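Hi there,

Here is the structure I promised to hand over. Please have a look at it first, and then read on below.

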Amino acid sequence: MELAKVVEKKIIKDYFVLKVETKGPFNSQPGQFVMINFLDTFNLPKPFSVMDEKGNYLTFLIKNVGPFTEKLATLKYGDFLLIRGPYGIPIRNKIDLTKKYILLGGGCGSAPLIYFLKEYPLLVKETFFSFKESYVQSILPDLKLFIDDNIGKTPVEFLFQNKEKLENSGMILCGSKGLLKSFFDVFPYMKDWSYVSLEENMGCGTGLCKGCPVQTVEGVKMVCKDGPIFKANEVNLEWK
Ligand SMILES: Cc1cc2nc3c(=O)[nH]c(=O)nc-3n(C[C@H](O)[C@H](O)[C@H](O)COP(=O)(O)OP(=O)(O)OC[C@H]3O[C@@H](n4cnc5c(N)ncnc54)[C@H](O)[C@@H]3O)c2cc1C
């Protein structure tokens, strides 16, 4: 675990962008995550996707959903955290690089896709960084967000009415299983051209604790070590 100092926090209600300074670069790539912990706890660390890395700075997009993220939300400038990683397979290492992709992120699932867009703009056809809450835009001012409420539709409903956007493109999706399932319920044929980044509860981040299994066509795999990105037609989203 490495020490990291909080250097910036932009918070709006239950969402916040957290920037930390590390001793040296983590050399993360889009799609990878790190395990974060506090200095004053014996709890297990928790996984968070890197939304950006520049020099010795890592940035995260986090939603306050429980005790751990609540505590992260109270951090102030100069506070320290423990971070280890990066873990997981970079998105770029799994996808077909001859295609262009529509990125569909649900809430904080947008974080790795925002990093992907920044690093590989030429691989991106269109983005749907989707949030139910319009206030999130205030902490991500430079990004075009898809706010469900503004348009009166979810991104899946929007794509259903604009199916031509999917022609000849791949998809990279990251978010809750609910979002992923709703997309493939409507577009089952897109499974062959899509990749899904899975969010599972996990303990270690390295494959040792076996806490984040996912059923695949090649048997049970671990989201932390074998993913979090998988080919959509290789994983069983209905499992568990
Ligand atoms: C690879 C990976 C990357 C992630 N990246 C981010 C990120 O960039 N930003 C972010 O805000 N969160 C991210 N998460 C989820 C984050 O780790 C959890 O939200 C966090 O651990 C919740 O801890 P808590 O104690 O605050 O809430 P808890 O009390 O542990 O959980 C609150 C609720 O969220 C559910 N939950 C907790 N962890 C997960 C999870 N991993 N997947 C689905 N549901 C979960 C619980 O079942 C519960 O209903 C990521 C998870 C994974 C596996």
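What follows is a short tour, from the whole chain to the ligand, the domains and a few strands.

Please keep in mind that this is a predicted model.

To begin with the overall fold, the chain contains seven helices and 15 strands. Its radius of gyration is 17 Å, which agrees with the value near 18 Å that a compact globule of 240 residues would have. Along the principal axes, the C-alpha atoms fill a box of roughly 50 × 40 × 30 Å. Of the 240 residues, 38% are buried. If we take contacts between residues at least 6 apart in sequence, 62% of them join residues that are at least 24 apart.

Next, the ligand, which may interest you most. There are 21 residues around the ligand, and those that come nearest are Lys46, Gly66, Phe68, Thr69 and Cys108. By class, this shell holds 13 nonpolar, four polar and four charged residues. Which elements each supply at least two residues of the shell? They are β4 (46-49), β6 (57-63) and α1 (67-73).

Now to the domains. The chain is divided into domain 1, spanning 2-87, and domain 2, spanning 91-196. Their centres, taken over C-alpha atoms, are separated by 23 Å. Where the two meet, 17 residues of domain 1 are in contact with 16 residues of domain 2. On the side of domain 1 that touches domain 2, β1 (2-12), β2 (15-22) and β6 each supply at least two residues. The largest share of that side, four residues, comes from β6. Sorted by class, the same side of domain 1 has ten nonpolar, three polar and four charged residues.

So β6 turns up twice: it supplies at least two residues of the ligand shell, and it also gives the largest share of the side of domain 1 that touches domain 2. What does β6 pair with?

- β2 and β6 run antiparallel and are joined by seven bridges. Valine 20 stands opposite leucine 58 of β6.
- Strand β5 (residues 52-54) also runs antiparallel to β6, with three bridges between them. Here glutamate 53 has leucine 58 in β6 as its bridge partner.

Leucine 58 therefore appears in both pairings, opposite valine 20 and as the partner of glutamate 53. The hairpin of β5 and β6 has two residues between the strands, and in it glycine 55 takes a positive phi near 55 degrees.

Happy to talk it through whenever suits you.

Best wishes

Conventions:
Residues numbered from 1 in each chain as written. Predicted model: local features only at pLDDT ≥ 70, side-chain atom pairs only at ≥ 80, totals over all residues. Rg over C-alpha atoms; globule rule 2.2 N^0.38 Å. Buried ≥ 20, exposed ≤ 12 C-beta atoms within 10 Å, placed from the backbone. Contact = placed C-beta atoms within 7 Å. Near = placed C-beta within 6 Å. Nonpolar A, V, L, I, M, F, W, Y, C, P; charged D, E, K, R; others polar. Domains from an automatic or database assignment. Pairing = 2+ DSSP bridges.
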